[in-house]
Amino acid sequence: MGIIPAHMTRLSNIFCLVFALLLPVGALAQGVDAASKTITLGFSSEPPTLNSMESTDQVSSMILAHVKEGLLRYDQHGELAPGVAMRWEVTETSARFWLRRNARWSDGKPVTAHDFVFAWRNALLPATASQYAFILYPIKNAEAINRGELPATALGVTAVGDYELRVELERPCPYFASLTAFMTYYPVREDFFRSRGERYAADAKDMISNGPFMLDKWVHGAALSMAKNPYYWDAQDVKLNRIDIPHMTSDPQAMFNLYRNNSIAMTGLTRELLGKAVELGYPIRSFETGAVYFIEINFRPERATSNLKLRKALQAMIDSTVLVNRIIAIPGMHPTDTLFPRWLKGVEKPFLEEYPPPVIDHSLKRARELMREYLDETGQETPPPLVLLTGENPLAVQQAQYIQYLLREGLGIEVKIDRQIFKQILEKMRAGDFDLVTAGWGPDYNDAMTFADLFTSWNENNRGRYQSEEYDRLVRVAQGTNDQKVRMEAIAAIQQLIADDVVILPSYENSGVYVQDPRLKGVVRSIFGGDPNFRHAWIDDSHPAAAAGATTP
Amino acid sequence: MSTPAYPHDWFARIPAQAADDLPVLPPESYWQGVWRRLRSNRRALVAGCFLLLVLLFTVFGSVLWPVDPAKQDPGILSRSYVASRTLPVAFPDAWQVPMVEMGEPVAASELLAPQGLQVVSATTDAVRLVWQPVAGATNYRIYRMEGRGKGYGIPLAVVPAQYTGYQDRLDVHAQPYRYTVVADDGVDESAQVASLSVTPTAVISLLDAQLQGLVPEDAVSTDREWVVDLPSHPLGTDSLGRDMLARLIAGGQTSFFIGFGAPLIYIFIGCLYGAFSAYVGGRVDEWMMRFADFVIALPFLLFMILLRVAFGIGAGESGVAALIVAMVLLGWPMAARLVRGQVLQLREQPFVSAAKLMGAPSYYLVWRHMIPNVMGVVIVSLTFAIPGAIFTEAFLSFIGMGVVPPVPSWGSLCNDGIQSMLVHPHELLYPAALISATVLAFNVLGDGLRDALDINLEARS
């Protein structure tokens, strides 16, 4: 979800999500209660807002994914599945959705196409100032409305009766269906929204749900609780009766203690807690966050890194395998040489299986040869010092120190480590005040384009100011058609171009580790659509831990 | 001459006797007295000896232990002790993971344990495992347990079912591991597992050996068998595989440089300021002291941050210069006040008046009377200022405003060490113990010096 600070990825957000040392107030509170089909969780913080048109963060996204449902949703295998829409059809110029008639709001009223039209128009209003408005841009006139040039009614979306939605597209968008599972696309009922005014989504009673659960308690800063929504169209498939979140703390150790006390059902692990959990014999699980981390390079002409030979030398020198396996040493992290993660779909199979990433020869010999060529080419005696911008947290600094060592011993480059808080990093990236910066990118939707358009000349997140007509052209090709084959060929060419031009130095695909009560099954950890997801979760009574009287899991 | 006003038998001539019998104190200068009194204070003496040792350790340590404190070895991260060893070099080689066609997936409860789990090769560079495919598997999950703990251990990876092998490179050590492979249905995993135990052999990766200059950059594995000797690390290594002993020595140099440098300067400045202020006296003294009060009121940390900005210290540059300047700018008033008080007091002493009466010039007064009498106070405040400065540096490096990597200081070593305090306590323990012991020793020594320098204290007791 936008640029993320190194190691503060969704991983930390998962601590957020899943996780707390308050003594169990009601000593009977249990992480997993099979009798009442209730689970208890801890959050790192409360959701900043539950207004789906404005939310941007992980905690909100997790709750919204439970209390709301878009036209489409993700199932337990991470595949798109029918949500409010039963059927859909996406062409190069338009999309149509046929809504199910049994989808209802938690007050029993039906979910209609008008609710979607209202939500989308409202999210695009300049007055709403939604940070995620851009995700609606594939819809005709959306960008103009967002800039205030057209009235909201000009949006290319119409409700044909109550149960059909027609969308005109600005440009071909083969992944439009997957966008409709994103929270900004969730429906909002106009009469309810108007009746609450400013108070909309500010409290449990000011929310209305159409998802598998509904918010029934929200004590700000302290607790949240979700109960099963009896009006949900697929309610018989929802096995849990209640999800309680009585703990809010950002201290992973406190969360871990709660888990040990059997007060919460799952919790995320830091590297230290991982060792502790292994010692205690807990089954450890890992999940992919979907984010890719890399070192971004400054291409501004006054910077030494604008030289291709130097970048090539850096590319040959920095082998992320050692970084990931030795320095970071968190299981599940996958060292990579490309911007595109393994889970991205290609034409039929995963993209990286169809178009394997270019093989990069990481060797000291080659790196030093390239370095000598660079020095000869620019007529320098010694390589220039480089500034590596990085985050403040210990792991980020450790990584930076490894790269500092690698470049000094390997290529004789003095690297200055610039440690900054996340906000300051963004500011410095925007100002171009860096040579190298450790950055990450979390995907917004399930298509390679969420990564590929990152380094186009018009993308504001292209902080290194990489400019390539060929790159821009390839992105336009991929955006200009619905033909998956043509698109993936273009993406593959982009992948090659990124390696050839050394646009970035890819590091790893991120993942997190966590522990979960063994009686709790069917919890989906997914890259999209709110994580973790309990829609399909159930409690296994037959598990030995249940028989043993629910001692420590 | 008039008649004495006292009875004449008050005084009587002492009969001549041997001078040795007289109960006289041996002639002793002021400094000799100081030394005698200090020697009798055992605590101060021990502290002094300890400081001498620490000083020798930091100054000559890098000669006796010539290891680069910035050299990293990713093969030995966070060890508490590493013996010297001879390791073969592991050259990178591509390994093709065996692949099969995936079958129709089935639910986790119907999945069997993988058969034929075996090790292809096992070194600390990579452990390679293969197994027979399980019918209906969606993925395989691979776990690794250190030693013989309970449970599966850490989850290494989830590999799609078309792969029936896995290469583990995650921080592999030469110690026993138990690997567990289990099939899953995409959400939950089977209860049927296969596991096997293996102890990888220690090797060093080619890149690590090359970066340490042990193997030439154009080395080829076919040339010959490459074997390298690696040094021992008596105090272990830190989280990047750097030698702790070398870092403690280098850290001590930084800490002492700042610890001695800054106080020496600001106490000197403070002395001059205080002495001048007291000597001139009157309205000038009033103004000068109010200015000193004003400086004392300035908050150090804020000033330090401002100085960093003013110096243009940003992007990964050392803040040591700013640190010293800030300490000097804000540290002198204490010494100035102390010296001023002392001088004011001395100025009114009868021996000064007597010297003045006899026509002693100013420089003589300062040189003969003022300086020696103020010296005691100055030395004491110096011994208290040094640990203060060391501590300030440690604190600032701890919060990331002091030295920058890879330069260590005791404070930054503590900062690095605290991250892994629970798992690898030695990384925090050594520098923290050194800071604590050094600061304590300076304080004890300062205490002893204060007692030793105060001649009246002995007279009173």
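User: What classes of residue make up the lining of the largest cavity?

Analyst: In this predicted model, the lining of the largest cavity has eight nonpolar, six polar and five charged residues. The cavity has a volume of about 200 Å³. Of the 19 residues that line it, those closest to its centre are A65(A), R73(A), Y74(A), G529(A) and N533(A).

User: Why is this space called a cavity?

Analyst: The term applies because a 1.4 Å probe fits at its points but cannot get out. A space of about 200 Å³ was found in this way.

User: Which element gives the largest share of the lining of the largest cavity?

Analyst: Strand β4 (residues 72-74) of chain A does, with three residues.

User: What makes the contact between D171(B) and R326(A) a salt bridge?

Analyst: The N to O distance is 3.4 Å. The cut-off is 4 Å between a side-chain nitrogen of Lys or Arg and a carboxyl oxygen of Asp or Glu, so the pair qualifies. In general, side chains of opposite charge can pair when their charged atoms come close.

User: Why does the pair of D171(B) and R326(A) join two chains?

Analyst: D171(B) lies in the loop between β6 (165-168) and β7 (177-184) of chain B, whereas R326(A) is in helix α10 (residues 320-328) of chain A, so the salt bridge joins two chains. Both D171(B) and R326(A) are buried.

User: How do you know that R342(A) and E509(A) form a salt bridge, and where do they lie in the chain?

Analyst: Their side chains meet at 3.2 Å, N to O, and this value is within 4 Å, so the definition is met. The pair links distant parts of the chain, 167 residues apart. R342(A) is in the loop between β15 (334-335) and α11 (351-354) of chain A, and E509(A) is in strand β19 (residues 504-516) of chain A.

User: Is E509(A) called buried or exposed, and why?

Analyst: E509(A) has a relative accessible area of 5%. Buried means under 20%, so E509(A) is buried. Its partner R342(A) has 33% relative accessibility, which lies between 20% and 50%, so R342(A) counts as partly exposed.

User: What makes R347(B) partly exposed and E348(B) exposed?

Analyst: R347(B) has 24% relative accessibility, between the limits of 20% and 50%, and therefore counts as partly exposed. E348(B), at 56%, is over 50% and therefore counts as exposed. These two residues form a salt bridge, with the closest N and O atoms 3.6 Å apart.

User: How many salt bridges does the whole structure hold, and which residues are linked in a network?

Analyst: A search over all chains finds 50 salt bridges. R196(A), R199(A), D203(A), K205(A) and D206(A) are linked in a network of them.

User: How do you know that β7(B) and β8(B) pair?

Analyst: They share seven bridges in the antiparallel sense. Pairing needs at least two bridges, so these strands pair. V181(B) stands opposite A194(B) in β8(B).

User: Why are β5 and β8 of chain B called edge strands?

Analyst: The open sheet has four strands in the order β5-β4-β7-β8 (chain B), with antiparallel pairing. The strands β5 (154-160) and β8 (189-198) each pair on one side only, and they are the edge strands. The twist averages 20 degrees from one strand to the next.

User: What makes β6(A) and β7(A) a pair, and how many residues lie between them?

Analyst: Strands β6 (residues 85-90) and β7 (residues 94-99) of chain A pair in the antiparallel sense over five bridges. At least two bridges are needed, so the requirement is met. The two strands form a hairpin with three residues between them, and the bridge partner of A85(A) in β7(A) is L99(A).

Key:
Residues numbered from 1 in each chain as written. Chains lettered and ligands numbered in written order. Predicted model: local features only at pLDDT ≥ 70, side-chain atom pairs only at ≥ 80, totals over all residues. Heavy atoms only, no water. Buried < 20%, exposed > 50% of the residue type's maximum accessible area, 1.4 Å probe, protein only. 1 Å grid on protein atoms, 1.4 Å probe; cavity = no way out; pocket = protein on both sides within 12 Å on 5 of 7 lines; lining within 4 Å. Points joined across faces, edges and corners; volume = space filled by probe spheres on them. Nonpolar A, V, L, I, M, F, W, Y, C, P; charged D, E, K, R; others polar. Axes fitted to C-alpha atoms, helices over the stretch in contact; angles between N-to-C directions.
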